[in-house]
Amino acid sequence: MAENIQDNNYMVNDLAARSRQELYPGRVVHGEQQGTDFLFRCENGVQLLLQVISDKVLRFRYATEAGFGPDFSYAFPSGTPPRQQPEFLEFREKPDHYRITTDRLICVVDKDTLRNRVLNRSGLVLSEDEKGFHWEYEYESGNDIVKMSKQVQSGAHYYGLGDKPDNMNLRGKQFTNWGTDTYGYQKGSDPLYKNIPFFLGLHQKTAHGIFFDNTFKAFFDFAAERADVASFWALGGEMNYYFIYGPSLLEVTQEYTRLTSPPELPPLWTLGYHQCKWSYFPESNVKAIAKGLRDRQIPCDAIYLDIDYMDGYRCFTWSPTHFPEPKRMVRELAEDGFKTIVIIDPGIKIDPIYSVYKEGLENDYFCRRADGPLMKGSVWPGLCNFPDYTRPEVREWWAGLFKGLIQEDGVKGVWNDMNEPAVFEKGTFPDDVRFGYEGYSASHKKAHNIYGMQMARATNEGVKRFSHPNRPFTITRSTYSGGQRYSSGWTGDNIASWEHLWLANIQCQRLSISGFSFVGSDIGGFIDKPDGELYVRWVALGAFHPFFRTHSSGDHGDQEPWSFGEDFAQLARGFIELRYRLLPYMYTTFWQYAQAGTPMLRPLAFLDQTDTDTYLRMAEFSLGDHLLVCPITQPGADGRWMYLPRGDWFYYWTDEPKTGGAEVWASAPLDRIPLFVQAGAVVPMYPVMQYVGEKAVEELTLHVYYKQGEQASVLYEDGGEGYGYQEGQSTTRRFKVRGTDTGLVLQQATEGAYQPTWASYRVVLHGLPFGASVFSTDGQPAEGVQVTTETGLTLPGVTVSADFTELVIG
């Protein structure tokens, strides 16, 4: 008898082992076309739904024996991907495969294995399954662990994946997506705050991307475990991914960003400088910071209030001790040009006399555990409950809570923190916490990675509602693909170190090419205190990041620009002033991002992917179309070697011309950052202001850089606030520079009816190989002048009407 029991146990153990084995599709027994969808069924019940989203985007959606679940994703505004009718579509069945052809792609589905290959129309294999789709049943959760493995193409490189603090090129690395409050992270720390399961591949100088739209804990292996295999998998949900063709890296990011939808334009002031600390309180301290900035003429548009502005860390309240008259204080700050930004966390203090808690409790808006009790966790206020932002009625309630702060008190923006979600000592919520998930009930395993994004969504809805007719401004620490629609972001709790200055550069580039461009880092480091040199070098880099904010922990000392001495304050002021001069260029770059999905920050490989010397570079990046930046990330340096992309460039500080496709030395004492301008560029600049809107711009400066040949530039303008631009109140000015050995022509074509405050340009000419002696505007003579630039150069210039069409210099 004992022997039989033992035999049975062996059998049970064998069955348990078999239940953990990897499973694969069977042979395809049927394939059919349904419009722009193609359904393939296998003999063991596995199905592949291949959807042609556009000529360049294919969606692969796999189901095991349970079939397909509801088609819904938070990545898309409507819950499903926007689709474009392909220009060309053909479906053919061959003896051993099916072939789907669009205007740009060929997809081959193998009948024996369901594996697929994607090629461009020239026949280059872009993506090829290795094992392809396979899965493993997980008994504890009841979910399938869904897996995909691809062959690594010869010479492949990988980029993207959001805020990963590692080398720009991801090959040879493995990463996890599970939003985590990682205080004091280091290079290589993983996971971090954000969950963006999108990456780009580059081989044979041709690019594609993959967006793995799965919100469960997910993993990515870029030839780390096996040198010839790249794979991605998740602990539940569907194997559901999008193949996105370039062929350029820039186009891949554009396609992905348009797929998940770019943001609206922010208020212009949000692109100014912001000053923040944990924490500025009481009111007298806030006023002293504001006065310190204005007295030193350090431009600044926003001051932040961290958790200590609240009454006992209760969200949507003010401390009666620290801020007894918040409405008055906010108004007085606004009169001096400062916008007030406040923090709001998801944890709602369990307090029976706290109105927000009472409303949430009475309406059952808080997350619950599987058996019914409310989810409880300790964060800053102590024991808290947490709203379920995946329910529309909860988001509506949450949005309404901002009426007091925004409409009544005059606060201009909201900063969401701790929304991974983070819980002290536990990390995050238990797996059994339940979520409404737009009616598709889910556990925390599925909802964790989108919690922060949905909090930011609800916050943005409220700030937008009560800021109207002005535009909203929100910031988030955690997000998911598509979260760029709702918020800006920052890279989290970094450290005051040279390594973290280096990381800030990489992380912001990586987020930008992952669809999330409105991003910056805590300048100077959140943890510990930098010295003056490190702080100034960080301000210099931050001046070229879309979100430009100093932030620090009060535990480690002060971090205002003058905290390091007045000499360092003046150096920081110089870079902040440069940012304010560049605001029209920065705003135009944001408009390109909002219109076309173009990343605002672009690594070198995005500038010239035909040059293999760019593939492993990561320090250099471009801001928009024409500015190339390379921060100094070592102490004591007075410059650095950097790589210039092919083409002609001018060193911003000296106008020294350089030819790209090679390393160059950029001299950069502490008052400079290595900064090059592309030949032929037209770079618009404002006069320096202490804050956006301080005074009307009466004349716009156009810095025009000579090029032998032609180069195009663009300048976008609107009111910088409000929604008139959505009703035609904007102007797009397109410039073309054409240079020869003896002359230069600047042409302007204008679209739109918006009338700026300025009526003329001051055109400043850089790098002319001839002496400029004759100027004419639209056929009429014009008088040249000598202009002294902000960098101390004396250059030829001319003043022309803002509506000119052609300026000729000879």
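This is a guided tour of a predicted model, with a selection to make at each stop.

**Stop 1: the domains**

Start by colouring the chain by domain. The division gives domain 1 (15-247), domain 2 (268-596) and domain 3 (696-809). If you place a marker at the C-alpha centre of domain 1 and another at that of domain 3, the two markers will be 47 Å apart.

**Stop 2: the UniProt ranges**

Next, lay the record's own ranges over that colouring. Select residues 50-221, which UniProt lists in an unreviewed entry as "domain: Glycoside hydrolase family 31 N-terminal". In cartoon view, this range is 45% strand and 0% helix. Its end C-alpha atoms are 24 Å apart.

Move on to residues 263-588, annotated by UniProt (unreviewed entry) as "domain: Glycoside hydrolase family 31 TIM barrel". Here you will find 37% helix and 13% strand, and the C-alpha atoms at the two ends lie 14 Å apart.

For the last of these ranges, pick residues 597-683. The unreviewed UniProt entry carries the annotation "domain: Glycosyl hydrolase family 31 C-terminal" for this range. Strand makes up 39% of the range and helix 5%, with 21 Å between the end C-alpha atoms.

**Stop 3: the largest pocket**

Now switch on a surface and select Gly69, Phe216, Gly237, Glu238 and Lys446. Of the 42 residues that line the largest pocket, these are the closest to its centre. The space in this pocket comes to about 850 Å³.

Which elements should you show around it? Those that give two or more residues to the lining of the largest pocket are strand S4 (57-63), strand S10 (144-151), strand S17 (239-245), strand S26 (442-443) and helix H8 (444-467). S4 gives the most, with four residues.

Keep the domain colours on while you look: domain 1 (15-247) and domain 2 (268-596) each contribute at least three residues to this lining. Recolour by residue class and the lining shows 18 nonpolar, 14 polar and ten charged residues.

**Stop 4: the second largest pocket**

Clear the selection and choose Leu268, Tyr686, Val692, Gly693 and Gly719. They are the closest to the centre of the second largest pocket, out of 26 lining residues. This pocket holds about 440 Å³ of space.

Add helix H12 (583-596) and strand S42 (709-718), since you will want them again later; each supplies at least two residues of this lining. In the domain colouring, domain 2 (268-596) and domain 3 (696-809) each give at least three residues to the lining of the second largest pocket. By class, that lining has 17 nonpolar, four polar and five charged residues.

**Stop 5: the largest cavity**

Time to go inside. There are six cavities of 30 Å³ or more, and the largest has a volume of about 130 Å³. To find the largest cavity, select Lys150, Gln151, Tyr158, His208 and Ala230, which lie nearest its centre among its 16 lining residues.

Show strand S9 (125-137), S10, strand S13 (198-203), strand S14 (206-212) and strand S16 (229-234), each of which supplies at least two residues of the lining. Which strand gives the most to the lining of the largest cavity? Zoom in on S13, which gives four residues. S10 may look familiar, as this strand also gives two or more residues to the lining of the largest pocket. The lining of the largest cavity divides into eight nonpolar, six polar and two charged residues.

**Stop 6: the second largest cavity**

Bring back H12 and S42. Each supplies at least two residues of the lining of the second largest cavity, and H12 gives the most, with four residues. For the full lining, select Tyr585, Thr588, Thr589, Gln592, Asp625, His626, Val682, Ser713 and Val714. They surround about 60 Å³ of space. Three of these lining residues are nonpolar, five are polar and one is charged.

**Stop 7: one arginine**

Finish with a single side chain. Select Arg477, in the loop between strand S27 (474-476) and strand S28 (488-490). Is Arg477 buried or exposed? Arg477 has a relative accessible area of 1%, so this residue is buried. Show Glu420 as sticks too: the side chains of Arg477 and Glu420 make a polar contact at 2.8 Å.

Methods
Residues are numbered from 1 along each chain as its sequence is written. This is a predicted model: local features need pLDDT of at least 70, side-chain atom pairs count only at pLDDT 80 or more; totals for chains, interfaces and linings use all residues. Side-chain values use heavy atoms; hydrogens and water are left out. On a 1 Å grid over the protein atoms alone, a cavity is a set of points where a 1.4 Å probe fits but cannot get out, and a pocket is an open set with protein on both sides within 12 Å along at least five of seven lines; lining residues have an atom within 4 Å of a point. Grid points are joined across faces, edges and corners, and a volume is the space filled by probe spheres set on the points. Ala, Val, Leu, Ile, Met, Phe, Trp, Tyr, Cys and Pro count as nonpolar, Asp, Glu, Lys and Arg as charged, and the others, Gly among them, as polar. Domain bounds come from an automatic or database domain assignment. UniProt positions are given in the numbering used here, feature names are shortened, and annotations may be inferred rather than shown by experiment. Buried means under 20% relative accessible area, exposed over 50%, partly exposed in between (1.4 Å probe, protein chains only). A polar contact is a pair of N or O atoms within 3.5 Å; within protein, one must be able to donate a hydrogen and the other to accept it, and residues adjacent in sequence count only if both atoms are side-chain atoms.
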